[in-house]
Amino acid sequence: MTNLQPSLSFAGALAACTSPICGGTAGLQEGNDRKMASAEQLVLDICNPKLRENALLQLAKMREICQDLLAPLLWHSFGTIAALLQDIVRIYPALSPPTLTPGASNRVCNALALLQCIASHPETRIPFLNASIPLFLYPFLSTTSKTRPFEYLRLTSLGVIGALVKVATYIVQKIMLDDVGLSYVCATPERMVSVATILSNMVVSLADQPSKATRLLKHIIRCYLRLSDDLRARAALGHCLPAALKDGTFSDCLLDDPATRRCLQQLLHNVTDGRGIGEAPQLGLDHIIGR
C-alpha cells in the first residue's frame, strides 16, 4: 500500500489479532478482511480534505475492531496525524466567543476518538506523548460554555488524556493546578468520580510493586492533593481514598522523597480534617507515611 509500512498492513497482521470480533468462521473472517481493507482506505482518505469528514466518522465507528492494528496504522501512515491536528486547530476560533456548531463538534470529536485509540496503544503511546500532542487539547478543556457541543468536546478530550494517564499523570496534575482545570474536573460528580477512579486504579496497581512506584506515585499524590483543595472533592475523598495511601504500603519507597511525604501527609490531613484515618484516629499520620 502506498504510504503505509508493509508490516502494518491489516490484511497481513489479521491472523495475529486476538479480539473475539476478529475470530470465528471463514465467513466471519472474510467479513473482517473486508472491514480491514476498508479501514486502510479510510486512513488514506484522511489526507484528502474532501473525503476526511466521512473517513473520520467511519474510522471512529470502527476503532474497536482490532484496535491493536489501527493505532500503529494511524500513527505511521504518512500525513495522517498532521491531518488530524489540522482539524483540531481549525476549530480554535470557535472556542471564544463560543460559536462551535454540533456538526463541527462531532467532526473534531471523531478526530479525538482516533487520537484516543493511538494514546491507548502501548506501541504508539510514548511517541504520541513525546510529540506533545495532548497540548493541542488543552484549549478544549479550558472552555466554559455549557452547551452540548462544548460539553461533548471536553468529555472526548478527557478521554484522550485518560488513555495517557498511566504515563502522563503529570498532564492531569498540570491541568488541575490551573483553577479553571480544577473547577472543570470538580464541576459535576461524574467528572470527579471519573478522575478519582482512574487515580485509585493506578494506586491499586502500584501497590503490587511499591518499590517501583516512586516516580508515578508522586504525581498521583499531587493530583489527589490538588483535588482536596475543592471542598466537595475533599468530602468524597474522605470516603474513597485508596487504602494503600493510608496504611503505609508506600512507606519504604517514600523514605527518600520528603517532598512527596509531605504532600501525602497534607492530603491525609485534608481529607480527615486532622482526625486520623478511618476508625483508627490514634494512628498518626507520621506513622502512615513512614516517619
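Zero disulfides are present in this structure, which is a predicted model. Two cysteines can be looked at for their surroundings. Cys 186 has a relative accessibility of 0% and therefore counts as buried. Cys 253 is buried too, because its relative accessible area is 13% and the cut-off for buried is under 20%.

Let us turn to helix 4, which spans residues 67-76. How much of helix 4 is buried? Seven of its ten residues are, so the rest of the structure largely encloses this helix. The buried residues are Leu 69, Leu 70, Ala 71, Pro 72, Leu 73, Leu 74 and Trp 75.

Just after this helix comes a loop, leading to helix 5 (80-90), and Ser 77 sits in it. Ser 77 is buried, because its relative accessibility is 5%. What does the side chain of Ser 77 reach? One partner is the backbone oxygen of Leu 74, at 3.3 Å. The side chain of Thr 80 is another, joined to the side chain of Ser 77 by a polar contact of 2.5 Å. Leu 74 is itself among the buried residues of helix 4.

Two further loops deserve a look for their backbone geometry. Between helix 5 and helix 6 (102-120), the loop contains Pro 97. The peptide bond that runs from Ser 96 to Pro 97 is cis, and its omega is near -5°. The loop between helix 7 (125-130) and helix 8 (138-141) holds Ser 132. Although Ser 132 is not a glycine, its phi is positive, at about 60°. Ser 132 counts as partly exposed because its relative accessibility is 33%.

Now for a pair of packed helices. Two such helices are described by the angle between their axes and by the distance between those axes. For helix 6 and helix 9 (residues 148-164), the angle is about 5° and the axes are 8 Å apart. The two helices are therefore roughly parallel to each other, since angles under 35 degrees count that way. Helix 6 contributes residues including Pro 102, Ser 105, Val 108, Cys 109, Leu 112 and Leu 115 to the contact, while those from helix 9 include Pro 149, Tyr 152, Leu 153, Thr 156, Ser 157 and Val 160. What kinds of residue make up this contact? There are 13 nonpolar and seven polar residues, and no charged ones.

Ser 157 gives a closer view of this region. It is a residue of helix 9, and at 0% relative accessibility it counts as buried. Apart from residues up to four places away in sequence, Ser 157 touches Leu 112, Leu 137, Phe 140 and Leu 141. Leu 112 is one of the helix 6 residues in the contact between the two helices.

Finally, consider Lys 218, which lies in helix 13 (residues 214-227). Is Lys 218 buried or partly exposed? Its relative accessible area is 30%, so it is partly exposed. Leaving aside neighbours within four places in sequence, Lys 218 is in contact with Asp 257 and Thr 260. Lys 218 and Thr 169 are 49 residues apart in sequence, and the distance between their C-alpha atoms is 9.5 Å.

Here are the accessibility values discussed above, gathered in a table.

| Residue | Relative accessibility | Class |
|---|---|---|
| Ser 77 | 5% | buried |
| Ser 132 | 33% | partly exposed |
| Ser 157 | 0% | buried |
| Cys 186 | 0% | buried |
| Lys 218 | 30% | partly exposed |
| Cys 253 | 13% | buried |

Terms used
Residues are numbered from 1 along each chain as its sequence is written. This is a predicted model: local features need pLDDT of at least 70, side-chain atom pairs count only at pLDDT 80 or more; totals for chains, interfaces and linings use all residues. Side-chain values use heavy atoms; hydrogens and water are left out. Helices (H or I, at least four residues) and strands (E, at least two) are DSSP runs, numbered from the N terminus. Buried means under 20% relative accessible area, exposed over 50%, partly exposed in between (1.4 Å probe, protein chains only). A polar contact is a pair of N or O atoms within 3.5 Å; within protein, one must be able to donate a hydrogen and the other to accept it, and residues adjacent in sequence count only if both atoms are side-chain atoms. Axes are lines fitted to C-alpha atoms, for helices over the stretch in contact, and angles run from 0 to 180 degrees between N-to-C directions. Angles under 35 degrees count as roughly parallel, over 145 as roughly antiparallel, 65 to 115 as roughly perpendicular and the rest as oblique. Contact means heavy atoms within 4.5 Å. Ala, Val, Leu, Ile, Met, Phe, Trp, Tyr, Cys and Pro count as nonpolar, Asp, Glu, Lys and Arg as charged, and the others, Gly among them, as polar. A disulfide is a pair of cysteine sulfur atoms within 2.5 Å.
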